[in-house]
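This report describes the fold of one protein chain, part by part. Please keep the sequence and the structure in view while reading.

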Amino acid sequence: QSQKLAVRAISRLQALPGGDVKLLCDTVVEHVRELTGYDRVMVYRFHEDEHGEVVAESRRDNLEPYLGLHYPATDIPQASRFLFRQNRVRMIADCHASPVRVIQDPGLSQPLCLVGSTLRAPHGCHAQYMANMGSIASLVMAVIISSGADDEQTARGGISSAMKLWGLVVCHHTSPRFIPFPLRYACEFLMQAFGLQLNMELQLAHQLSEKHILRTQTLLCDMLLRDSPTGIVTQSPSIMDLVKCDGAALFYHGKYYPLGVTPTESQIKDIIEWLT
């Protein structure tokens, strides 16, 4: 039954119109919440500077929204991110539950490693972190996409070198909640499909962005070659459509042409004098 629900959810994801990452994320949180019954399900995306942002959310109506919130990179340390690339589903049924000591044979030379165990107890700090958020149970699933590594890098470093942890799908519940293995497996299957679909959308967005940059670059070069250079700040598209910035200023033939948020004309003249 769990697999059938996951397959149905995957079919709905694949039927979505292309070019809309937000719609894809919004849809996956709805399906995961429908599958698992958690009070809150979020898509948590890692940015280039490694901080996290909640980009999609499905929640119980009386819960405080987390959508749009940003969290520092230290909230999910690098060690945890590395583990998520290996074990892509992590469940905590009750953060208040007392840990159970593992008894091992005295003949074993090394302590038993529980890194790959789904049943291992959460770290005390993380359990307190969950409690502070009003979350008693959680289910966290890794969203893995292609890192864009070339074939040579992949061949040298293995398959894992070509994979990137894009983000997490995080489920919270305000009371203890245990998800049986078949349902967790179905969710992992859904995450694999979501990662593939997301990867295609991100590649498409990147291609469209590159085309837009090349088109803008060509138009600006035409302005410089055919018309007055002032066109790059007075016409559309402008230099600000090519470079990510809050403002740009052109000083040409003794005249000052500001665009957006810029220094004053006297400050620009001071900068020019310093540069020359």
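What volume does the largest cavity have? The largest cavity has a volume of about 30 Å³. The model in which it was found is predicted, and the count of cavities of 30 Å³ or more comes to one.

**The cavity**

The lining of the largest cavity is made by Leu-13, Leu-16, Pro-17, Asp-20, Leu-23, Leu-24, Gln-197 and Glu-201. Helix 2 and helix 6 are the elements that give two or more residues to this lining. By residue class, the lining holds five nonpolar residues, one polar residue and two charged residues.

**The six-stranded sheet**

How are the strands of the open sheet ordered? The six strands follow the order 3-2-1-6-5-4, and their pairing is antiparallel. Strand 3 (70-71) and strand 4 (89-92) are the edge strands, each of which pairs on one side only.

Helix 2, formed by residues 21-36, packs on this sheet. Helix 2 touches strand 1, strand 2 (52-59), strand 5 (137-146) and strand 6, and its direction makes about 50° with that of strand 2. Helix 6, formed by residues 181-226, lies across strand 4, strand 5 and strand 6; it runs at about 40° to strand 5.

Within the sheet, strand 1 pairs with strand 6. A further pair in the model is that of strand 7 and strand 8. The table sets out these two pairs.

| Strands | Residues | Sense | Bridges |
|---|---|---|---|
| Strand 1 and strand 6 | 40-46 and 163-173 | antiparallel | six |
| Strand 7 and strand 8 | 247-252 and 255-260 | antiparallel | six |

Individual bridge partners can also be named. Val-41 has Cys-171 in strand 6 as its bridge partner, while Leu-250 has Tyr-257 in strand 8.

**Backbone features**

As general background, most residues other than glycine have a negative phi, and most peptide bonds are trans. Several residues in this model are notable against that background.

Glu-50 is not a glycine, yet it has a positive phi of about 80°. Glu-50 is placed in the loop between strand 1 and strand 2. His-253 also takes a positive phi, near 55°. His-253 belongs to the hairpin of strand 7 and strand 8, which has two residues between the strands.

Which two residues are joined by a cis peptide bond? The bond joins Ser-236 and Pro-237, with omega at about 0°. Pro-237 is found in the loop that runs between helix 7 (231-234) and strand 7.

**Domains**

The domain assignment divides the protein chain into domain 1 (1-97 + 116-201) and domain 2 (227-275). Taken over C-alpha atoms, the centres of domain 1 and domain 2 are separated by 44 Å.

Terms used. Residues are numbered from 1 along each chain as its sequence is written. This is a predicted model: local features need pLDDT of at least 70, side-chain atom pairs count only at pLDDT 80 or more; totals for chains, interfaces and linings use all residues. Side-chain values use heavy atoms; hydrogens and water are left out. Two strands pair if DSSP finds at least two bridges between them. Helices (H or I, at least four residues) and strands (E, at least two) are DSSP runs, numbered from the N terminus. Contact means heavy atoms within 4.5 Å. Axes are lines fitted to C-alpha atoms, for helices over the stretch in contact, and angles run from 0 to 180 degrees between N-to-C directions. Domain bounds come from an automatic or database domain assignment. On a 1 Å grid over the protein atoms alone, a cavity is a set of points where a 1.4 Å probe fits but cannot get out, and a pocket is an open set with protein on both sides within 12 Å along at least five of seven lines; lining residues have an atom within 4 Å of a point. Grid points are joined across faces, edges and corners, and a volume is the space filled by probe spheres set on the points. Ala, Val, Leu, Ile, Met, Phe, Trp, Tyr, Cys and Pro count as nonpolar, Asp, Glu, Lys and Arg as charged, and the others, Gly among them, as polar.
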